[in-house]
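Welcome! Here is a short, friendly briefing to help you find your way around a structure you have not met before. Take a look at it first, and then read on.

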Amino acid sequence: MEHIFIKGSNEQAPTFLLLHGTGGNEKDLLGLGREMNPEASLLGVRGSEVENGMPRFFKRLGMGVFDLDNLELRTKELAAFIDEAAKEYDFDRDNVIAIGYSNGANIAANLFFQVGKVVKGAILHHPMIPREDVTLPDLTGLRVFITAGENDQMCPIEQSTGLKDYLEDAGADVKMYWHQYGHQLTMDEVQAAKEWVERSF
């Protein structure tokens, strides 16, 4: 997978797995990761699918309608890539936190739905329920922070709350942050996510 790795200055700090939204690339969330922890290592990944010239992590059949076969394939690919990257760049595989926005948050969520607790925590900005046709694995010990907009036209409120319910039912510790805006990423939610990371890990 196309990616960029920036080694952090503190071996004890986490490695942030950075997963962009539709149309982004592996560099999009580097600043966000640095904001979370200036000493952390950063692993930015580019989605392997392209929709109308825009990189995505998996195909969709329409707005909010995911190609579930492709989602499954790309999720397995991402899980394997994390393992490979940990060996290549020599970071602690047990100290990885995913940060995803929109499409990137959706594939991060599906890692938990499909594969299990492949990272120790995740910040999911404006995610949706990735699929409803699976029984989730045991996610006990996983910590997740979900941010969402009360007026997000692309991601209805029930999608965010529904995802929280799925993850909690599987044993994850989930916190939510709401703002009054739409699908955009706000500084308030970034700050809330940073405070959550500092409290939780």
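Helix α3 passes helix α4 in a left-handed crossing. The model you are looking at is predicted. From that helix pair, the tour goes on to the sheet and then to the largest pocket.

**The α3 and α4 pair**
- Helix α3 covers residues 103-115 and helix α4 covers residues 157-169.
- Their axes come within 11 Å and cross at roughly 35°.
- On the α3 side, the residues that meet α4 are A109, F112 and F113.
- Across from them, α4 brings L163, Y166 and L167 to the contact.
- By residue type, this contact holds 6 nonpolar residues, with no polar and no charged ones.

**The sheet**
- Seven strands form an open sheet with mixed pairing, and if you walk across it you meet them in the order β1-β3-β2-β8-β9-β10-β11.
- At the edges sit β1 (3-6) and β11 (173-179), each of which pairs on one side only.
- From one strand to the next, the twist averages 15°.
- Helix α5 (residues 187-200) packs on this sheet, where it touches β2 (15-19), β9, β10 and β11.
- The direction of α5 makes about 170° with that of β10.

**A closer look at β9 and β10**
- Strand β9 spans residues 121-125, and strand β10 spans residues 143-149.
- These two strands pair in the parallel sense over 5 bridges.
- If you would like a spot to zoom in on, try L124, whose bridge partner in β10 is I146.

**The largest pocket**
- The space in the largest pocket comes to about 190 Å³.
- Its lining is made of 15 residues, and T22, R60, S102, M154 and H183 lie nearest the centre of the pocket.
- Sorted by type, the lining has 5 nonpolar, 8 polar and 2 charged residues.

Notes
Residues numbered from 1 in each chain as written. Predicted model: local features only at pLDDT ≥ 70, side-chain atom pairs only at ≥ 80, totals over all residues. Heavy atoms only, no water. Pairing = 2+ DSSP bridges. Helix = DSSP H or I, 4+ residues; strand = E, 2+ residues; numbered from the N terminus. Axes fitted to C-alpha atoms, helices over the stretch in contact; angles between N-to-C directions. Contact = heavy atoms within 4.5 Å. 1 Å grid on protein atoms, 1.4 Å probe; cavity = no way out; pocket = protein on both sides within 12 Å on 5 of 7 lines; lining within 4 Å. Points joined across faces, edges and corners; volume = space filled by probe spheres on them. Nonpolar A, V, L, I, M, F, W, Y, C, P; charged D, E, K, R; others polar. Left-handed = near helix turned anticlockwise from the far one by under 90°.
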